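Work through the exercises below with the sequence and the model open. Each task is followed by a solution in steps.

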Amino acid sequence: MIPSVLSFALSGVYAIVDGFFVGNSIGDIGLSAVNISYPIVAVIQALGTGIGMGGAVYYSIHQAKKQEKQAREFTAGTLWLLILSSILLTFSIFFLATPLVRLLGARGALLSLGAEYIAIIAAGAGLQAVATGLIPLIRNFGGSFYAMLSMVAGFLTNIVLDYLFVWVLNQGVAGAAWATVVGQGVTAVVALIYLIHKKQFTLRIPGSKFGRVSASIVKIGIAPFGLAMTPNISLVIINRFSIHYGGEPAIATYACIAYVICIIYLIFQGVGDGSQPLMSQYYGEKKFEALKHIRKSAYLFALFLSLVGCIILYLTKHKLGLLFGASEAVNTEITAILPIFLLSVPFVAINRIATASFYATERSAFSYILTFIEPLFMLVLMLILPPLLGGQIMIWWSTVLARILSALLALLLKHVVDKQEYAYLQKNQDILPPATDTPRK
C-alpha cells in the first residue's frame, strides 16, 4: 500500500501547488480563481482514474483466474478508452471553458481568470487523462514503486515550472496551468515507457469484444471516478452556498482548507487503491479469508493515517492561510473553522476504504451508493440547516455531518458483505484453497 499512499499524497500536493504559487503571486483573487475552476481539472483526472481502475480490476481478476488473453483484452480496452476520452475532453472543455467556469459560480474578474486557467488545462487534457489512467494499470502489473516514481517525476516538473512561470516570468494563472499540463505529460511519458518495457502495451482487441470490455470497465470505473470527484462535487456545492452566505472570503477560506484536507482524503484513496490489486486477486481466487485480512489491514492503516493527519493539521492550523498567501482575515477564519472539518476525517477514511473494497470485488452497486451519497447528504443538509440555524457556520457543519452519515452507511453495507462472504465460506469450506498463501509481489 505504501507506494500507492505516497503517489496519492503527491497527487494531492499537485492540487495545491498551483494555489500556493498563484496565491502568493496574485493574492485571494488568484487563489479563488484556481479553486473555483479546479473541479473541471478534477473531472479530467477522475475520468482517467476511473477508466484505469476499471480496467485494472478486471485485469487482476482474470489474471487470478489464469485467463491471460482476457486480461490483455482489458488492457487494450483501457488504453483505447483513454485515447477516445482524451480527444473528447480536449475539444469539449476548450470550447466551453468560459460557460463551465461561470456555471461553477465565477463572475467578473474571477470568471476571467478561471476561464484563462481552464482553456490552457483543456489543451493538455489528454495528457492528464492518460497519466492518471495508466497509474492503476501499472500498479496491477506489479509496478507500484514505478507508479510512484512516475508521479514523482511529474510532481517535481510541476513545482519547477510553477516557480519559473508564475514567480519568475509573472504569467499568473496561465503559467500555473501550463506547469500542470507539462507535469502531467511527464508522468504520462514515464508511465508509457514502463508499459512498453514490460511488453504490456497493447491495442489489440477484437472489435466484437470492444463494446463488452468497455461496458465492464465503465461499470467498475464509475465508482473510482466518483470517488475522485466527490471532494470536488462537494467543493462546488460548498462554493455555491458560501457565495450566498459568506461571499468571496468564505470561498477563499474553504479553498485553503480543501487544499490541505484533500491531501489526507487522497491518502485514504491511496490505501484503498494500493490494496485493490490483492483484493481483486483474492476475490478472483475465492480466497475470502485472505481478502478479509487485506481489507482489515486497509481500514486500520487508513484510520492510523487519519489520526496522524488530524494532529498535523491541528498543530499547523494558524499557518495554513499564510502558506497560500491568503489575507489575515481569511487566515483567522481558517484557524477557527479547520477543527470542525477535522472531526469528519476518520469517517472519510472508513468510507473511502469501504468504497474501494466494493469496486475491487465487483460490488458496483454498493460502491455507487457510497460514492454519491455524501454530496447528496451535503446538499440536503445545506438546504435545511443554514436558513434555520445560522448561515455560513452551518455550511461547514453540514459538510461534516454528511461525511459522518456516509461512513455509518458504509459500515452497514460492509456488514452485509461480511455476512455474504461468511455464508460462502461456510458452504464451500471443504473445497476452497487455503487462504494462507503468500501474496504475490
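**Exercise 1: Ser275**

Leaving aside neighbours within four places in sequence, Ser275 is in contact (heavy atoms within 4.5 Å) with Met1, Ile294 and Ala298. The model is predicted: local features need pLDDT of at least 70, side-chain atom pairs count only at pLDDT 80 or more, and totals for chains, interfaces and linings use all residues. Residues are numbered from 1 along each chain as its sequence is written, and side-chain values use heavy atoms, with hydrogens and water left out.

Task: place Ser275 in its helix and decide whether Ser275 is buried or exposed.

Solution.
- Step 1. Ser275 belongs to helix H10, residues 247-284; helices (H or I, at least four residues) and strands (E, at least two) are DSSP runs, numbered from the N terminus.
- Step 2. The relative accessibility of Ser275 is 2%, so Ser275 counts as buried. Buried means under 20% relative accessible area, exposed over 50%, and partly exposed in between, with a 1.4 Å probe and protein chains only.
- Step 3. Ile353 is 78 residues from Ser275 along the chain, and the two C-alpha atoms are separated by 9.2 Å.

**Exercise 2: the whole chain**

Task: describe the secondary structure of the chain and compare its radius of gyration with the globule rule.

Solution.
- Step 1. The chain has 16 helices and 0 strands.
- Step 2. The radius of gyration is 21 Å and the globule rule gives 22 Å for 441 residues, so the chain is as compact as a globular protein of that length. The radius is taken over C-alpha atoms, and the rule is 2.2 Å times the number of residues to the power 0.38.
- Step 3. Along the principal axes, the C-alpha atoms fill a box of roughly 65 × 45 × 35 Å.
- Step 4. Of the 441 residues, 59% are buried.
- Step 5. Take the contacts between residues at least 6 apart in sequence: 84% of them join residues at least 24 apart.
- Step 6. The chain exposes about 17,500 Å², of which carbon and sulfur atoms supply 70%. These areas come from the Shrake-Rupley method with a 1.4 Å probe; for residues, only the protein chains shown count as cover.

**Exercise 3: helix H5 and the nonpolar cores**

Task: check the span of helix H5, then find which residues have the most contacts inside the largest nonpolar core.

Solution.
- Step 1. H5 covers residues 108-123, 16 residues in number, and reaches 23 Å from its first C-alpha to its last, close to the 22 Å expected at 1.5 Å a residue. The expected span is 1.5 Å times one less than the number of residues.
- Step 2. The buried residues of H5 include Leu110, Leu113, Tyr117, Ile118 and Ile121.
- Step 3. The largest nonpolar core has 82 residues, and those with the most contacts inside it are Tyr117, Ile118 and Leu134. Such a core is a set of buried Ala, Val, Leu, Ile, Met, Phe, Trp, Tyr and Cys residues joined through side-chain atoms within 4.5 Å.
- Step 4. Helix H2 (residues 28-64) gives the largest share of this core, 16 residues.
- Step 5. Beyond neighbours within four places in sequence, Ile118 is in contact with Ser37, Ile40, Val41, Ile93, Ala97 and Val101.
- Step 6. A second, separate core has 56 residues, among them Ala9, Ile238, Ile263 and Leu313.

**Exercise 4: cysteines**

Task: how many disulfides does a search of the whole structure find?

Solution.
- Step 1. The search finds 0 disulfides, a disulfide being a pair of cysteine sulfur atoms within 2.5 Å.
- Step 2. For Cys262, the nearest cysteine sulfur is that of Cys256, 12 Å away. Cys262 is buried at 17% relative accessibility.
- Step 3. For Cys310, the nearest cysteine sulfur is that of Cys262, 13 Å away. Cys310 is buried too, with a relative accessible area of 15%.

**Exercise 5: Thr371 and Ile26**

Task: state the helix and the burial class of Thr371 and of Ile26.

Solution.
- Step 1. Thr371 is in helix H15, residues 364-389, and is buried at a relative accessible area of 1%.
- Step 2. Not counting residues up to four places away in sequence, Thr371 touches Ala223, Gly226, Leu227, Thr230 and Thr355.
- Step 3. Ile26 lies in helix H1, residues 2-26, and is partly exposed at 36% relative accessibility.
- Step 4. Leaving aside neighbours within four places in sequence, Ile26 is in contact with Gly172 and Val173.
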